[in-house]
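Colleague: I am new to this structure. Please pick the place where you would start, look at it closely, and then work outwards from there.

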Amino acid sequence: MAIEVVPLPVPPSVDTSKFSPDFGREIKGVKPGELTEEQFKEVQQLLYKHGAILFRDTDLSPEQQYALTKAFDPSCETYGHGNNKTGKEVKSVLHPDLKTIPRVPQVQLIGNGVVYNHEGLAEAKLKHPSHTTFHKTRISPEDEKKGYTRFYRWHIDAALYDLNPPKVTTLYGIEAPQGDPQVVRYDDGTGDELPVPLGTTAFVDGKTMFDILPSELKSVAVRTRVRYAPHPYVWMATARSNSLGLGMETEGLEMKPDELPPWDESKIKVLPMLWKNPVTGNLHFQVHPSAIQELLIDPLPESAKREGALYPDGARLTDLKEVRDLVYRMQRPAIAPSLVYPHDWNPKDLVIFHNRGVLHTVVGAFTPDQVRAFHQCNLAASDEPAGPTAEDVKAWA
Ligand SMILES: [Fe+2]
């Protein structure tokens, strides 16, 4: 059967004059768990071109999901965050969110509520992470009752220490509670709000994030490498996020180096700010804002104009507030309500997203009796993401 490709329906909040027409496709006519080699190649191309692809009403066992995820990067086998959940690692902000499927430990059960007799797990207590435990401020319980909520944490799925960021993530919805839509409040003084389906996963395109920057910030982006904190999810666990889930407040609350699990300088991740799409060659702004610690900015190339340029001689920014303020200024425009794709989950939806080309976040909050069960899989990649080429630097610096 031939693969049929249709655009993803976008909600009325999307401004179609700004939102990339290339973002997101639904694929019909094939079963993602039983793709032939030819079909897989086509799906792979579609994913890198469109950032996220959806299969509806599909059956997918954990084994099939692992095999499909692995096909994007055949030599890797380790879950994207590794599987070390002992010692000081238990302090990680990710620790409560992940339950491993015993038969296929690379596939995680995530969601909310209590799930019984599920793929070898007699009883799994799941907790949908929400802004209430991660942001510095929270939506009041009264406003939550009125349906207001927040983005949780904009991110790339990646350990950002020792392991390489996964190329793709597969998210398979098994049970998704239906309920009234909610409204995401940005609470950053802009008045921005975004209506979303209950329990959505929200996506933004990293290519758009770069494309809409003014030229002086494009020049910084193409010259910058980001140094992440050691064990970033443990490091950030004692600090608090801003109200958009787009980076941390700077209050000196991060864990001190000696409070972290043992770490090694050589395992710290220093990654380009822009990641090059292996199929389209486009540059995607891929920064996990809550995990950043330093920015390493190269000087302008000789051919570039210095007039109006930021950091023309390069810089190493180590002041956390300065680092965060600059990255926030670069990322905030792309999470405007008109540029966010909030996926409306139905049971048996499979979304595959290009984890090196988009940012995403969990949204909303559930009550303990609302059961949500998803299977998630991503694998620490066999290589680091490629950054801008010398030509890219020439073009944008
Ligand atoms: Fe994620």
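Modeller: Start with the domains, whose bounds come from an automatic or database domain assignment. The model is a predicted one. The assignment gives domain 1 as residues 4–203 + 346–378, and domain 2 as 208–332 + 390–396. Their C-alpha centres are 24 Å apart. Where they touch, 33 residues of domain 1 and 33 residues of domain 2 take part. On the side of domain 1, α1 gives the most to this contact, with three residues.

So α1 is the part to examine. This helix runs over residues 37–50, 14 residues in number. From first C-alpha to last, α1 reaches 20 Å, close to the 20 Å expected at 1.5 Å a residue. Three of its residues, Val43, Leu47 and His50, are buried. Look down the axis of α1: these buried residues fall within an arc of 90°, and therefore line one face of the helix. What do they pack against? The partners are the strands β2 (25–28), β3 (52–55), β8 (168–175) and β19 (350–354). Now turn α1 around. The face directed away from its buried side carries exposed residues: Glu37, Glu38, Lys41 and Gln45. Just past the end of α1 comes glycine 51, with a positive phi of about 80°.

One strand leads on to another helix. β8, which packs against the buried residues of α1, is also among the elements that cover the buried residues of α2. The others named there include β4 (99–101), β5 (104–118) and β21 (372–378). Helix α2 takes in residues 62–71, and its buried residues are Pro62, Gln64, Gln65, Tyr66, Leu68 and Thr69.

Stay with β5 for a moment. Asparagine 117 sits in this strand. Most residues other than glycine have a negative phi. Asparagine 117 is not a glycine, yet its phi is positive, about 45°. It counts as exposed because 9 other C-beta atoms lie within 10 Å, and the cut-off for exposed is 12 or fewer. Lysine 348 also has a positive phi, near 70°, and is not a glycine either. Find lysine 348 in the loop between β18 (341–343) and β19. With 16 other C-beta atoms within 10 Å, lysine 348 is partly exposed.

Next, the interior. The largest nonpolar core has 91 residues. Those with the most contacts inside this core are Val204, Ala221, Leu274, Phe285 and Ile335. Domain 1 and domain 2 both give residues to the core, so it lies between them. Take leucine 274 as an example. Beyond its neighbours within four places in sequence, leucine 274 is in contact with Ala221 and Phe285. Its other contacts are Phe210, Val222, Leu283, His284, Gly387 and Pro388.

Now a strand with two distinct faces. In a regular strand the side chains alternate between the two faces of the sheet. β12 covers residues 224–228. Its covered face holds Thr224, Val226 and Tyr228, while Arg225 and Arg227 make up the uncovered one. β12 pairs with two strands named here. It runs antiparallel to β16 (residues 292–297), joined by five bridges. Three bridges link it to β13 (residues 270–272), again in the antiparallel sense. Valine 226 takes part in both pairings: it stands opposite leucine 295 in β16, and its bridge partner in β13 is leucine 271.

Two further sites finish the walk. Tyrosine 328 is in helix α7 (residues 320–331). It counts as partly exposed because it has 15 C-beta neighbours inside 10 Å. Neighbours within four places aside, tyrosine 328 is in contact with Leu246, Gly247 and Pro289. C-alpha to C-alpha, it is 13 Å from glutamine 293, and the two are 35 residues apart in sequence. The last site is glutamate 302, in the loop between β16 and β17 (315–317). With 5 C-beta neighbours inside 10 Å, glutamate 302 counts as exposed. Its C-alpha lies 9.3 Å from that of lysine 394, although 92 residues separate them along the chain.

Key. Residues numbered from 1 in each chain as written. Helix = DSSP H or I, 4+ residues; strand = E, 2+ residues; numbered from the N terminus. Expected span 1.5 Å × (residues − 1). Buried ≥ 20, exposed ≤ 12 C-beta atoms within 10 Å, placed from the backbone. Arc of directions from axis to C-beta. Contact = placed C-beta atoms within 7 Å. Core = buried A, V, L, I, M, F, W, Y, C linked by C-beta atoms within 7 Å. Pairing = 2+ DSSP bridges.
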